[in-house]
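Please look over the sequence and the model shown here, then read the briefing that follows on its side-chain contacts, ring pairs and charged groups.

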Amino acid sequence: MATLNSKFSSKVKLLFLVIFIVLTYRNAESTVINITVADFVFTPANVIATVGDTIRWTWIGTRAHTTTCDGIFPGTSLPPGAVAWDQALNSGIPVFEYIITLPGTYDYVCTFHAPDMAGTI
C-alpha cells in the first residue's frame with residue numbers, strides 16, 4: 001500500500017512541476033507595457049505588443065480620462081474575437097490593465113477627448 005501511495009504522490013508532484021514550468025515559461029515571455037494618461041495624451045501613444053503582454057494605463061493627471069477600445073466608438077477598432085474595453089481613469093481608478101489575447105491592431109481613444117487623444121497597440 002505504501003508503494004502505491006508513493007507512486008501516486010510522485011505522479012502528482014511531477015504534474016505540479018510540469019504545470020509550474022508551463023506557467024513560468026509563459027509569464028517569462030510576456031511583458032508589461034506602461035502607458036501614462038495625462039495632459040490629454042497617452043504616452044507613448046503607439047506601442048508594439050504580442051499575445052500575452054499586459055498593457056497598463058496609469059492616470060497621473062488632474063482630469064478624468066478613459067481608455068476605450070470597443071469597435072463602436074469612433075476611432076476604435078480591435079481584432080475579431082478580442083475582448084472590448086471601456087475603462088474610466090481618474091483619482092479613484094488610476095490604473096487599468098488589459099492582457100492581449102489575440103494578435104492584431106487595437107485602436108483606442110479617450111472618449112472625452114477623442115479624436116485628439118488616441119493610441120494604437
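**Contacts, ring pairs and a salt bridge**

Leaving aside neighbours within four places in sequence, Ile121 is in contact (heavy atoms within 4.5 Å) with Val47, Ala49, Ile55, Trp57, Trp85, Ile100, Gly104, Thr105, Tyr106 and Tyr108. This is a predicted model, in which local features need pLDDT of at least 70 and side-chain atom pairs count only at pLDDT 80 or more, while totals for chains, interfaces and linings use all residues. Residues are numbered from 1 along each chain as its sequence is written, and side-chain values use heavy atoms, with hydrogens and water left out.

**Nonpolar core**

- The largest nonpolar core (a set of buried Ala, Val, Leu, Ile, Met, Phe, Trp, Tyr and Cys residues joined through side-chain atoms within 4.5 Å) has 21 residues, of which Phe42, Trp57, Trp85, Tyr98, Tyr106, Tyr108 and Ile121 touch the most other members.
- Strands β1 (32–38), β3, β5 and β6 each supply at least two residues of this core, where strands (E, at least two residues) are DSSP runs numbered from the N terminus.

**Aromatic pairs**

- The structure holds 7 aromatic pairs, a pair being rings of Phe, Tyr and Trp (its six-membered ring) with centres within 6.5 Å, and planes under 30 degrees apart count as stacked, over 60 as edge-to-face and the rest as tilted.
- The rings of Trp57 and Trp85 have centres 5.4 Å apart and planes at 45°, so this pair is tilted.
- Because Trp57 lies in strand β3 (residues 54–59) and Trp85 in strand β5 (residues 85–89), the pair ties together parts that are 28 residues apart in sequence.
- Trp57 is buried (under 20% relative accessible area, with exposed over 50% and partly exposed in between, for a 1.4 Å probe and protein chains only) at 0%, and Trp85 counts as buried at 5% relative accessibility.
- Trp85 also pairs with Tyr98, their ring centres being 4.2 Å apart and their planes at 45°, so this pair is tilted as well.
- Since Tyr98 lies in strand β6 (residues 95–99) and Trp85 in strand β5, this pair ties together parts that are 13 residues apart in sequence.
- Ring pairs link Phe42, Trp57, Trp85, Phe96, Tyr98, Tyr106 and Tyr108 into a cluster.

**Salt bridge**

- The count comes to 1 salt bridge, defined as a side-chain nitrogen of Lys or Arg within 4 Å of a carboxyl oxygen of Asp or Glu.
- Arg56 forms a salt bridge with Glu97, with the closest N and O atoms 2.6 Å apart, and the pair links distant parts of the chain, Arg56 in strand β3 and Glu97 in strand β6, 41 residues apart.
- Arg56 counts as partly exposed at 27% relative accessibility, and Glu97 is partly exposed with a relative accessible area of 42%.

Definitions and conventions:
Helices (H or I, at least four residues) and strands (E, at least two) are DSSP runs, numbered from the N terminus.
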